[in-house]
Amino acid sequence: MPVLTNAHSGAVLVERENGRPIHVLGNEVIVKISSRDTDGAFTIFEGQTQPLAGPPLHIHRDQDESWYILEGQYKFEVDGQEIYAGAGATVFAPRGSRHTFQNIGAAPGRMVTTVVPGGLDIFFEELEAAVPRGAAPDPAKLAPIFKKHGQELVGPPLAAKSVKTAPNVAN
């Protein structure tokens, strides 16, 4: 994974097209720009979400998060507001908001996620180490990782609620 820096402009090219996937509680993400590359300013990763899957309702105390949908149809919940979005749409959750999403399509979906400031990628790495692929999550192991990174679980995934598909998904 070469990281090339232009000393004159400060520009950085990070080539991670075939980066190692991070397994995050049943989902896969590939870090495109690590918070290590940006001195903690932000991180960008691509994630694939299986049909009807998505994270539990949670809060990032110190980070804004936005998603650009590449493929699929998603339902987001941000502070109680339902948002339906498809390929080409962007959704934003400000720091401190209660948010989650679910792939409501029949095929895997893909999104590019930007988190400001960075650190979510490091959080994911620590989650992967605590809950390897195929292992059941142990809340006692997860709680200190969530606390360390200013994350809080506040509800179940949307899959635990009834699934409704929207006839007009935003693009």
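**Naming the features of a predicted model**

Modeller: In this predicted model, Glu-71 has a relative accessible area of 37% and is classed as partly exposed.

Biologist: Why is Glu-71 called partly exposed rather than buried or exposed?

Modeller: Buried requires a value under 20% and exposed one over 50%. The 37% of Glu-71 falls in between, so Glu-71 is partly exposed. Arg-110, at 26%, is partly exposed too.

Biologist: What makes Glu-71 and Arg-110 a salt bridge?

Modeller: Their closest N and O atoms are 3.2 Å apart. The cut-off is 4 Å, so the pair qualifies. Glu-71 belongs to strand β7 and Arg-110 to strand β12 (residues 109–116), and the two residues, 39 apart, link distant parts of the chain.

Biologist: How many salt bridges does the structure hold?

Modeller: There are 9 salt bridges. One of them joins the side chains of Asp-64 and Arg-95, at 3.1 Å from N to O. Asp-64 sits in strand β7 (residues 64–71) and Arg-95 in the loop between β10 (90–93) and β11 (98–103), so this pair ties together parts that are 31 residues apart in sequence.

Biologist: Why is Arg-95 described as partly exposed?

Modeller: Arg-95 has 41% relative accessibility. Exposed begins over 50% and buried lies under 20%, so 41% leaves Arg-95 partly exposed.

Biologist: How do you know that Lys-148 and Glu-126 form a salt bridge?

Modeller: Their side chains meet at 3.0 Å, N to O. Lys-148 lies in helix α2 (residues 139–148) and Glu-126 in helix α1 (residues 120–130), so the bridge ties together parts 22 residues apart in sequence. Lys-148, at 58%, is above the 50% limit and therefore exposed. Glu-126 is partly exposed at 23%. Elsewhere, salt bridges with shared partners join Lys-32, Glu-46, Glu-71 and Arg-110 into one network.

Biologist: Why are α1 and α2 called roughly antiparallel?

Modeller: Their axes come within 10 Å and cross at roughly 170 degrees. Angles over 145 degrees count as roughly antiparallel, so that name applies to α1 and α2. On the α1 side the contact is made by Phe-123, Glu-126, Leu-127 and Ala-130, and on the α2 side by Lys-141, Leu-142, Ile-145, Phe-146 and Lys-148. These residues divide into 6 nonpolar, no polar and 3 charged.

Biologist: How many aromatic pairs are there?

Modeller: The structure holds 8 aromatic pairs. In one of them, Trp-67 and Phe-76, the centres are 5.0 Å apart and the planes stand at 45 degrees.

Biologist: What makes the pair of Trp-67 and Phe-76 tilted?

Modeller: Stacked needs planes under 30 degrees apart and edge-to-face over 60, so 45 degrees is tilted. Trp-67 and Phe-76 are both buried. The rings of Phe-123 and Phe-124 are also tilted, because their planes are at 40 degrees, with centres 6.0 Å apart. Phe-123 and Phe-124 are buried as well, and with Phe-45 and Phe-146 they form one aromatic cluster.

Biologist: What sets the backbone at Leu-52 and Asp-79 apart for comment?

Modeller: Leu-52 has phi near 65 degrees, a positive value in a residue other than glycine. Leu-52 is placed in the loop between β5 (43–49) and β6 (56–60), and its 44% relative accessibility makes Leu-52 partly exposed. Asp-79, likewise not a glycine, has a positive phi of about 50 degrees. Asp-79 is in the loop between β8 (73–78) and β9 (81–86).

Biologist: Where does Pro-117 lie, and what is the peptide bond from Val-116 to Pro-117 like?

Modeller: Pro-117 is in the loop between β12 and α1. The bond is cis, with omega near -10 degrees.

Biologist: Why does Ala-160 count as exposed?

Modeller: Its relative accessibility is 60%, and the limit for exposed is over 50%, so Ala-160 is exposed. Ala-160 is placed in the segment after β13 (151–157). The C-alpha atoms of Ala-160 and Ala-53 are separated by 10.0 Å, with their positions 107 residues apart along the chain.

Biologist: What does the protein as a whole contain?

Modeller: The protein has 2 helices and 13 strands. Of its 171 residues, 42% are buried. Among contacts between residues at least 6 apart in sequence, 67% join residues at least 24 apart.

Notes:
Residues are numbered from 1 along each chain as its sequence is written. This is a predicted model: local features need pLDDT of at least 70, side-chain atom pairs count only at pLDDT 80 or more; totals for chains, interfaces and linings use all residues. Side-chain values use heavy atoms; hydrogens and water are left out. Rings of Phe, Tyr and Trp (its six-membered ring) pair if their centres lie within 6.5 Å; planes under 30 degrees apart count as stacked, over 60 as edge-to-face and the rest as tilted. Buried means under 20% relative accessible area, exposed over 50%, partly exposed in between (1.4 Å probe, protein chains only). Helices (H or I, at least four residues) and strands (E, at least two) are DSSP runs, numbered from the N terminus. Axes are lines fitted to C-alpha atoms, for helices over the stretch in contact, and angles run from 0 to 180 degrees between N-to-C directions. Angles under 35 degrees count as roughly parallel, over 145 as roughly antiparallel, 65 to 115 as roughly perpendicular and the rest as oblique. Contact means heavy atoms within 4.5 Å. Ala, Val, Leu, Ile, Met, Phe, Trp, Tyr, Cys and Pro count as nonpolar, Asp, Glu, Lys and Arg as charged, and the others, Gly among them, as polar.
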